[in-house]
Amino acid sequence: MPMVAPLSPGSLGRGTVSYERGRDDMTITEIRVYKTPLAAVSTYNMSNSTVSTPESTIVEVVDSDGTIGYGEACLASPQFQPAHNDGVRSSLSVLAPAILGLDPLKLNHVNAAMGAALDGHTEGKAALDIACWDLVGKKLDLPVVDLLGGAQMDEVTTYHVVGISSPEVAAETAERLQSEGITRLQLKAGGRPIHEDIASIHAVDAVRRPGTDLAVDTNRGWSTVEAIQVSNACANITMSMEQPCATEAELLHIKPQLRHPLVVDEVSTDIRAIARMISSGLADGFGLKLSRLGGLTAMRAVRDLCMATRTPMSSDEAWGGDIVAAACVALGATLNPQFSRGAWLAHPYHQVHYDEANGPRIANGFATLPAGGPGLGLVLEEGQFGDPVAVYREQAKAASTTERCS
Ligand SMILES: [Mg+2]
C-alpha cells in the first residue's frame, strides 16, 4: 500500500477530513510557472477595452514520476473582468504550495485545498486544475474529453467576433467570416452612442446568411435604458443580447422589457450564481469561461447543471493559447449539441501557437479535438516556454519555493 499521511492544513471545517498524500506513483511534487505574451494580430475592441498583448500564465504540474500536466489562464485585458494576469501569477504563490503532495486524480481534494488556501482568484485555480486533468489523462492514457464523460460532438462549433467598428466595416467582417464557413457571429457593442450600435446591428443583419446566428455582446457596456432602447430598435432582428448591462440587478430590471433572449456572461461567476439565474428565469443562456469558473472541474459541474435544465452555454477562453483552447474544446465537445452555444478560441486573434501540429484550430467554423496523445492531446516540450518565473517544490515546501518575479 502506498504511504498515506495527512498534510497540514488538512482539516475542513469541524470534520476530520484530511487531504491525503498522493500515491507513490501519483503525487504532485513540483509546479513551474511561466508567462508568455500573446499579441493580438489585429485590433480587438470591446466596449470597455482594447486587447493588446496579454501575458498568458502557463503552469507545469509535475508528479512523482516526472509526468507533466499543462494548464493555462489568460485574461484579455484588465478591464474585461475583475482579474489581472500579474494577479494570476501572484495567486499561484499561495495556490501552488497548497496542492503540493496531493494526488492530482483526486480533483475534489485539489480544488478544496486551493479553496481553503485562497478565496476567489479562480483564474490561478483554473490553470492548476486544467494541468491536473492533463496530468491524470496522461497517467491513465486517456483523453481529457473521455474523463469528462465523452464527446457528444466530433467537431465543436465555434463563434467569431465582429469587433466594434463602423457599420460598413462590421458588415464586411461579417461577410468575410461567413465566407470562411462561420455560422455564429458575435457582434461587439457598447461604449459609444447607441445609434452607432443599432446601425452596426442592422448592417450585419443585412448581410446575414440563412442559418447564421447573431449575438450582440456588450460586455456590460450599456445602461438599462440603452439596452431596452437597442432591443426595441432591433425588435425585427433575430438575435440574442449578451451581458448588455453590468450587474445581475440591472439584468433583472431589464429582462421583462427585452425583445430578445438574454445571455449572461461576466456575472455568471460561479455555480451558485448560475443556478440562481436559471431558477429565476433571468438567463436564457450563458457565456462561460474556464478561467472565471475555476477550471474543468468547476465547468463540469456547471455543464451538468445547464444540460439538466436545458440551458444553452458556451465553453470559452478569456484569451490564451493552445492549452486552454484544448481544455475548452474538450469540455465543449461533451455538451448536448442542442444546448451548446459553441466555443470561443483566441487563436485566430494571435499568432503564437504552442503546438503547431496538434493545437486546436478552427476550420469552416469548427474546432476539432487535439490528437497528440492522452490528456489534453498536445505535444509540448519541457523548456519551450523559457525560464520559469516561479518554481514550487514539495520537499520542505516553503524553503524550496523560488520566485524570480511574479
Ligand atoms: Mg461575452
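Me: What makes Val62 and Ile68 in β5 a matched couple of residues?

Reply: In this predicted model, Val62 stands opposite Ile68 in β5, and these residues belong to an arrangement in which β4 and strand β5 (residues 68-73) pair in the antiparallel sense over six bridges. Pairing requires at least two bridges between the strands, and six bridges are found here, so β4 and β5 are called paired.

Me: How do you know that strand β1 (residues 28-37) and β4 pair?

Reply: The same requirement of at least two bridges applies, and β1 and β4 have nine bridges in the antiparallel sense, so they qualify as a pair. Within this arrangement Ile31 stands opposite Val61 in β4. As for covering, strand β4 (residues 55-63) has eight of its nine residues buried.

Me: What is found in the turn of the hairpin that β4 and β5 form?

Reply: Four residues lie between the two strands, and Gly66 in the turn has a positive phi of about 90 degrees.

Me: Why is Asn219 called buried?

Reply: Asn219 has 25 other C-beta atoms within 10 Å, and the cut-off for a buried residue is 20 or more, so Asn219 is called buried. Asn219 sits in the loop between β9 (213-217) and α7 (224-233), and its phi is near 50 degrees, a positive value in a residue other than glycine.

Me: Why is Arg310 called exposed?

Reply: Arg310 has 10 other C-beta atoms within 10 Å, and a residue with 12 or fewer counts as exposed, so Arg310 is called exposed. Arg310 lies in the loop between α11 (296-308) and β13 (313-316), and, although not a glycine, Arg310 has a positive phi of about 55 degrees.

Conventions
Residues numbered from 1 in each chain as written. Predicted model: local features only at pLDDT ≥ 70, side-chain atom pairs only at ≥ 80, totals over all residues.
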